[in-house]
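Colleague: I would like to learn how to read a model like this one, feature by feature. Could you walk me through it?

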Amino acid sequence: MTRYTNSFETGLSSGTAITTANSGQSEAGDPFGLALDAAGASVVYSDTGTAHGVRCMSFTVGATAGPARRGWTVNPLVVTAAQFYRVYVDPGALTGTVSVLRGMNTGSTAQRFRVTVSSTGTVTMINKSNVSVWTSAALTPGSMWRIEVSVEGFDSRPYQVRIYAGDAATPTQDSGVLTADFGGPITEVWFGQTSAATNVAGKLDDVGFSDEGWLGPAVPTPGVLFVWPGAVTDSGFTATYALENVTSARLVVSQSSDLSSPVYSPAGTVDGDGFVKLTTTGLDANTAHWYGIEADGVLLTDGRGSLVTDPAPGEAVSFSVAFGSCAQTNSNAATFAAIAARQGPFGAARRVLHLGDLHYRDPGVGFSTADALAQYRASLSPPNVQAMLTAVPMLYTWDNHDWGGADSNAAAPAGPVMAAAFRQVAPHYPLPTAGSTAIYHSLVIGRVRVIVLDTRSQRSDRTDEESAAKTLLGAEQKAWLYSELLQPEPVKIIASSIYWRQDSANGDRWGSYATEWAEIRDWFAVRPQVQAYVVFGDRHAPAADDGSSPGCYLPQAGGAPFDQGSTPAFEAWSHGYYAPSGNLQAFGWLDIHDDGASITITYSGISAADGQVRVAMNTPVTAAPPLAALWGYPL
């Protein structure tokens, strides 16, 4: 017995082509095995016109006649068997009369039956000779209707059409038994614009086939589009889930991979956009934990992952972190899977530091909250991204392309939207006071403080006249940075979306903020006890400098790009710079060795395709005792 359904709920962004390869991802159901489009025709995912969930199928046929359809190969229909079909459609979403469902022979050379729907709501059953054998009363456009068809045998055997209002149990119209010449056997079933036509478009949802019986309404099932764990501490963490068809959820956390003997987070209500942010506490420090989600009382198999809680602050523990930035919009790059799989000398990474350009949408005027939330879904749901996130918690700060576009600053028109969406979706550490768009924050892992900057939302326009008032960080963030650098951890890692050197003026980085750059440099110069190390994104090449090159004074290492074209070097880098021609998929990796007496940071700039270390730098950021003279803080 066979049953195929597809809800189109893949999590892929609206406008992405529906292929046989991607049509079975996430909660969509059964992948299509058949695809056929005429020249100028397309079949894509859409986030409007849905019967359930957030995705449906949208098809368009241009001036060249032909199909735009997806389907399955099905069990051949014999005289003693039956087949059943289902499709949801709103006539108001059609631009003409569309053949939404079609039964064909093998190779699609001969039609067995066809169902058309007009934009005014008329449903017609057509036999193998293209003769109409039944026509419905008009359905109301603007409402979702469920059309179900049964086929018993072929030739003069019974066919039947039933039409329901949405998920209703009782049909509003029923053709009764039809015995016109339909033909057989039926071995292919198609949905979309299934026959030749010109200049038609439409949307369908929740299509299905069965040889078991009438399919009935598409019952919405709980679905996980993505999970994003973060804000890890020595006693807990937060995870954001993007969900479908769930009203309430809680985290299930265990020290066993089978989630036995779990602890639970408080239950959270899924918001109107499908997101819920759940926090668990009371976990053991520096311990591996596995987690999943209980949705409306049911423990789901999707959305599971693992992480290691942090050591207690101040404890000497060696660990690794991965970092980088800059991925093509909706990227599913191998980089993310490589980060998930990499094992350093201290095991898997404790964090991924995502340093901006999660996507390249360049939010501007008219970019809405719905756009921002949809982009989070699209950016975080691809399989390789989820492979990374379910293995390594991620913290995130933005840069230009995911804040407000090239050269964007505090005046970016989409800024309030982006700031609100970040707070709704991202699992984050404490942020600046309410009302601020800024997202700078910090965390402590053992004896290392990670200071995450926001280099976009507080900056002046780069073209402003140079003065003490011109700022890249903003006065409040700069004061906070100084305070963070004076905290007692012996090592500070500054996580910055842009590299830490004074480049040429009139650009989008520190060179255009020379006064503030000099102020921060001079602050460090009189405080030798403050030992800082910078990791950065933005620059599309793994690179490292020990602080000795012109324009530098702190050791720094780059992790971009996750998935973008490389950028050639135009300045000196003491420990190397890797920028092959063409697209580059790469990331940065730090192994932080803390033996209780000293701390050493080993950087590796890695190309994801082959796992090769392309740039390396070893930095002993503390020395042997006596340390107080160097640090100002006893170890």
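Colleague: Which strand gives the largest share of the lining of the largest pocket?

Modeller: Strand 1 (residues 3-6) does, with three residues. This is a predicted model, in which local features need pLDDT of at least 70, side-chain atom pairs count only at pLDDT 80 or more, and totals for chains, interfaces and linings use all residues. Residues are numbered from 1 along each chain as its sequence is written, and side-chain values use heavy atoms, with hydrogens and water left out.

Colleague: What counts as a pocket, and what as a cavity?

Modeller: On a 1 Å grid over the protein atoms alone, a cavity is a set of points where a 1.4 Å probe fits but cannot get out, while a pocket is an open set with protein on both sides within 12 Å along at least five of seven lines; lining residues have an atom within 4 Å of a point. Points are joined across faces, edges and corners, and a volume is the space filled by probe spheres set on them. Here the largest pocket has a volume of about 290 Å³. Its lining has 19 residues, with Ser7, Glu27, Asp206, Val219 and Thr221 nearest the centre. By class these 19 are five nonpolar, eight polar and six charged (Ala, Val, Leu, Ile, Met, Phe, Trp, Tyr, Cys and Pro are nonpolar, Asp, Glu, Lys and Arg charged, the others, Gly among them, polar).

Colleague: How many cavities of 30 Å³ or more are there?

Modeller: There are three. The largest, of about 90 Å³, has a lining that includes Phe336, His354, Leu358 and Met394. No charged residue lines this largest cavity, where the split is seven nonpolar and five polar. Helix 2 (369-380) and helix 3 (383-389) each supply at least two of its lining residues; helices (H or I, at least four residues) and strands (E, at least two) are DSSP runs, numbered from the N terminus.

Colleague: And which helix gives the most to the lining of the second largest cavity?

Modeller: Helix 2, with three residues. That cavity has a volume of about 50 Å³, and among its lining residues are Leu358, Tyr376 and Asp402.

Colleague: Now a single residue: is serine 381 buried or exposed?

Modeller: Buried means under 20% relative accessible area, exposed over 50%, and partly exposed in between (1.4 Å probe, protein chains only). Serine 381, in the loop between helix 2 and helix 3, has a relative accessible area of 10%, so it is buried. A polar atom of its side chain lies 2.7 Å from the backbone oxygen of arginine 377. Beyond its neighbours within four places in sequence, serine 381 is in contact (heavy atoms within 4.5 Å) with Gly11, Leu12, Leu225, Phe226 and Gln386.

Colleague: Why is strand 37 described as largely enclosed?

Modeller: Eight of the nine residues of strand 37 (residues 599-607) are buried, so the rest of the structure largely encloses this strand. Two strands pair if DSSP finds at least two bridges between them. Strand 36 (residues 586-594) runs antiparallel to strand 37, joined by nine bridges, and phenylalanine 587 stands opposite isoleucine 606. On the other pairing, eight bridges join strand 37 to strand 38 (residues 612-620), also antiparallel, with threonine 600 opposite proline 620.

Colleague: Which glycines have a positive phi in the turns of these hairpins?

Modeller: Between strand 36 and strand 37, a hairpin with four residues in between, glycine 596 has a positive phi of about 95 degrees. Strand 37 and strand 38 also form a hairpin with four residues between them, and there glycine 611 has a positive phi of about 70 degrees.

Terms used
A polar contact is a pair of N or O atoms within 3.5 Å; within protein, one must be able to donate a hydrogen and the other to accept it, and residues adjacent in sequence count only if both atoms are side-chain atoms.
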